[in-house]
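Me: I have a protein model open and would like to talk through its fold with you. Could we go from the overall picture down to single residues?

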Amino acid sequence: MNLIFRLLAVAAAAIFAAWRGRRSGLLEPSALRFRVWPTDLDINLHMTNARYFSVMDLGRTDLMIRVGLGPAILRNRWQPVLGGATIRYRRSLRPFQKFTLVSRVLCWDDKYIFIEHRMETRGGLAAMAVVQGAFVGSRGVVAPAEVLAALGTTAASPPIPDAVAALRGQPLSAAA
């Protein structure tokens with residue numbers, strides 16, 4: 001509940017930008033700026049681990065609206081869900097510190113869409129996560145091909161990065 005104001009602000013800004021014709025391409029990054037508030041802190045006085053994932057939810061919301069998926073999600077009653085996530089914490093986010101969340105679609109397969117989230121500060125990367133998301137409709141998981149069709153495209157997925165292969169339980173490429 002304590003993220004409701006952030007959610008409303010993110011959704012309103014994304015809807016306004018899309019309405020003004022500033023939609024993003026599917027593979028373009030989305031950047032949101034935040035500040036660490038006292039309600040984001042744990043006992044160690046830095047942003048609690050769970051809050052990173054909550055803020056990433058906001059990044060995915062922004063991304064979905066900016067690429068133009070909002071109407072399809074509402075019309076088809078799709079629900080965005082996560083099937084997995086992996087995160088690497090690099091630096092703590094301290095009280096009142098500013099940070100930017102950069103979210104982007106990495107690739108997709110026949111079931112999941114893989115998204116990267118980066119939390120960046122002036123001091124560098126604070127955290128990076130890769131999540132596998134899907135949309136669920138009345139008939140189960142919605143294939144990414146159907147999601148892409150709702151956007152008016154049949155684009156092929158970019159190559160699957162090693163971070164996604166690891167999340168899928170596949171062997172890493174020899175180049176890693």
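Here is our conversation about this predicted model, one question at a time.

Me: Let's start with the overall architecture. How many helices and strands does the protein have, and which pattern do they follow along the sequence?
Reply: Happy to begin there. The secondary structure comes to five helices and six strands. Read along the sequence, the pattern is α-β-α-α-β-β-β-β-β-α-α.

Me: What radius of gyration does the protein have, set against the value for a compact globule?
Reply: For 176 residues, a compact globule would have a radius of gyration near 16 Å. As for extents, the C-alpha trace spans about 45 × 45 × 30 Å along its principal axes. The radius of gyration of the protein agrees with the globule value, at 16 Å.

Me: What share of the residues is buried, and how much of the exposed area comes from carbon and sulfur atoms?
Reply: A residue counts as buried under 20% relative accessible area, and 40% of the 176 residues do. The protein exposes about 10000 Å². The part of that area supplied by carbon and sulfur atoms is 57%.

Me: Among contacts between residues at least 6 apart in sequence, what percentage joins residues at least 24 apart?
Reply: Contact here means heavy atoms within 4.5 Å. Taking the contacts between residues at least 6 apart in sequence, the share that joins residues at least 24 apart is 71%.

Me: How far apart are the mean positions of the positive and negative charges?
Reply: The protein has 22 positive and 11 negative charges. Averaging the positions of each set gives two points, and their separation is 7 Å.

Me: On to the strands. Which residues of strand 1 form its covered face?
Reply: Strand 1 takes in residues 30–35. One face is uncovered and holds A31, R33 and R35. The covered face holds S30, L32 and F34.

Me: In which sense do strand 1 and strand 3 pair, and which residue of strand 3 stands opposite F34?
Reply: Strand 3 runs over residues 98–108, and six bridges link it to strand 1. The sense of this pairing is antiparallel. Opposite F34, in strand 3, stands F99.

Me: How is strand 3 connected to strand 4, and what is the bridge partner of V102?
Reply: A hairpin makes the connection, through four residues. The two strands run antiparallel and are joined by eight bridges. In strand 4, V102 has as its bridge partner R118.

Me: And on to strand 5: how many bridges join strand 4 to strand 5, and which residue stands opposite H117?
Reply: Strand 5 covers residues 124–137, and a hairpin of two residues leads to it from strand 4. Nine bridges join this antiparallel pair. The residue of strand 5 that stands opposite H117 is A129.

Me: Why is strand 4 described as largely enclosed, and how many of its residues are buried?
Reply: Strand 4 spans residues 113–121, which makes nine residues. It is largely enclosed by the rest of the structure because most of those positions are buried, namely seven of the nine.

Me: Now some backbone angles. Where is L45, and what is its phi?
Reply: L45 is in the loop between strand 1 and helix 2. At 52% relative accessibility, L45 counts as exposed. Although L45 is not a glycine, its phi is positive, at about 60°.

Me: R77 caught my eye too. Is R77 buried or exposed, and what is its phi?
Reply: R77 is found in the loop between helix 3 and strand 2. With 72% relative accessibility, R77 counts as exposed. R77 is not a glycine, yet has a positive phi of about 55°.

Me: Which residues does I73 touch, leaving out those up to four places away in sequence?
Reply: I73 belongs to helix 3 and counts as buried, with 14% relative accessibility. V136 is 63 residues away in sequence, and its C-alpha is 9.8 Å from that of I73. The residues I73 touches are M64, W78 and F135.

Me: Last one: which residues is V81 in contact with, beyond its neighbours within four places?
Reply: V81 has its place in strand 2, and its relative accessibility of 36% makes it partly exposed. The C-alpha atoms of V81 and D57, 24 residues apart along the chain, are separated by 9.9 Å. The contacts of V81 are Q132, G133, A134 and V136.

Note on methods. Residues numbered from 1 in each chain as written. Predicted model: local features only at pLDDT ≥ 70, side-chain atom pairs only at ≥ 80, totals over all residues. Heavy atoms only, no water. Buried < 20%, exposed > 50% of the residue type's maximum accessible area, 1.4 Å probe, protein only. Pairing = 2+ DSSP bridges. Rg over C-alpha atoms; globule rule 2.2 N^0.38 Å. Areas by Shrake-Rupley, 256 points an atom, 1.4 Å probe, with all protein chains shown as cover. Lys, Arg positive; Asp, Glu negative; His and termini not counted. Charge placed at Lys NZ, Arg CZ, Asp CG, Glu CD.
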